[in-house]
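Trainee: Please take me closely through one part of this model, beginning at a loop and ending at the elements around it.

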Amino acid sequence: MDDLLAISALRHYAYCPRSFALIHVEQVWQENRSTAEGRILHERVDSGERETRGAVRYERGVSLVSYKHGLIGKMDLLEIETIKGAPPRYFPVEYKRGKPKRENNNHIQLCAQALCLEEMLNISVTEGAIWYGQTKTREIVAINADLRAATIAAIKAAKIILQSGTMPAPINKKSRCRGCSLQDICKPDVLRNDHSQAYIEELFGS
Ligand code: SF4
């Protein structure tokens, strides 16, 4: 169990490898308004309650594991649609407090959940959704080959950081840094402006 990567940690990696290393290697955490609201939202949706409406059963706070990909986690909501004469359709749903973004870290998190479900239930998951609280919209996400490849690559890269303990450089995406609760600890602008390491490497060819 120790070498299983938490799906929530994978999402941190997909957002920024440095924030992943700060949280999961250096054990640093700092809450901001956005992380606090996200945590409260998940505490509410992870109630584990089940209900059935029409042909769809809704299961909340579903525990997940994949030994093939080395993942462990929880799914906010699993919708299981059963229509007579057809195999059940499994549809994972992840809740987010904000609005849809261009970044794919939420998609990678959803795909990791789908990979776990597929292994646990010996099924195929072709689609899922992310529900955004701010816009009250549901984004349908195709669990396609590209997303699967990006997710598997992220799992491998995150595990290498955990095993090696290396600290990645700040990402070059200032918009992500503005929304990051670790800005004060990470100091991305200071590090981006500090060219001394590159100078030493150039000088000594290391
Ligand atoms: S401030 Fe930017 S570079 Fe630093 S951990 Fe956060 S997102 Fe990554």
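**From two loops to a helix**

Mentor: Lys136 is found in the loop between strand 6 (127-132) and strand 7 (137-142), where strands are DSSP runs of E with at least two residues and helices are runs of H or I with at least four, both numbered from the N terminus. This is a predicted model, in which local features need pLDDT of at least 70 and side-chain atom pairs count only at pLDDT 80 or more, while totals for chains, interfaces and linings use all residues. Residues are numbered from 1 along each chain as its sequence is written.

Phi of Lys136 is near 50°, which is positive although the residue is not glycine. Lys136 has 8 other C-beta atoms within 10 Å and is therefore exposed (20 or more such neighbours make a residue buried, 12 or fewer exposed, and counts in between partly exposed, with C-beta atoms placed from the backbone). Gln27, also a residue other than glycine, has a positive phi near 60°; Gln27 sits in the loop between helix 2 and helix 3 (33-45), and counts as exposed because it has 7 C-beta neighbours inside 10 Å.

Helix 2, which precedes that loop, is largely enclosed by the rest of the structure, because six of its eight residues are buried. These are Pro17, Arg18, Ser19, Phe20, Ala21 and Leu22, and they pack against helix 1, helix 5 (145-164) and helix 7, contact meaning C-beta atoms, placed from the backbone, within 7 Å.

Helix 2 (17-24) also faces the ligand: together with helix 6 (174-178) and helix 7 (183-186), each supplying at least two residues, it contributes to the shell, and with three residues it gives the most. Of the 13 residues around the ligand, Cys16, Pro170, Cys177, Cys180 and Cys186 come nearest, a residue being near if its C-beta atom, placed from the backbone, lies within 6 Å. The shell divides into nine nonpolar, two polar and two charged residues, with Ala, Val, Leu, Ile, Met, Phe, Trp, Tyr, Cys and Pro taken as nonpolar, Asp, Glu, Lys and Arg as charged, and the others, Gly among them, as polar.

Helix 1 (residues 7-15), one of the packing partners of helix 2, meets helix 4 (residues 105-121) at an angle of about 150°, with axes 8 Å apart; axes are lines fitted to C-alpha atoms over the stretch in contact, and angles run from 0 to 180 degrees between N-to-C directions. The contact is made by Ile7, Leu10, Arg11, Ala14 and Tyr15 of helix 1 and by Asn105, Ile108, Gln109, Ala112 and Gln113 of helix 4.

Notes
Contact = placed C-beta atoms within 7 Å.
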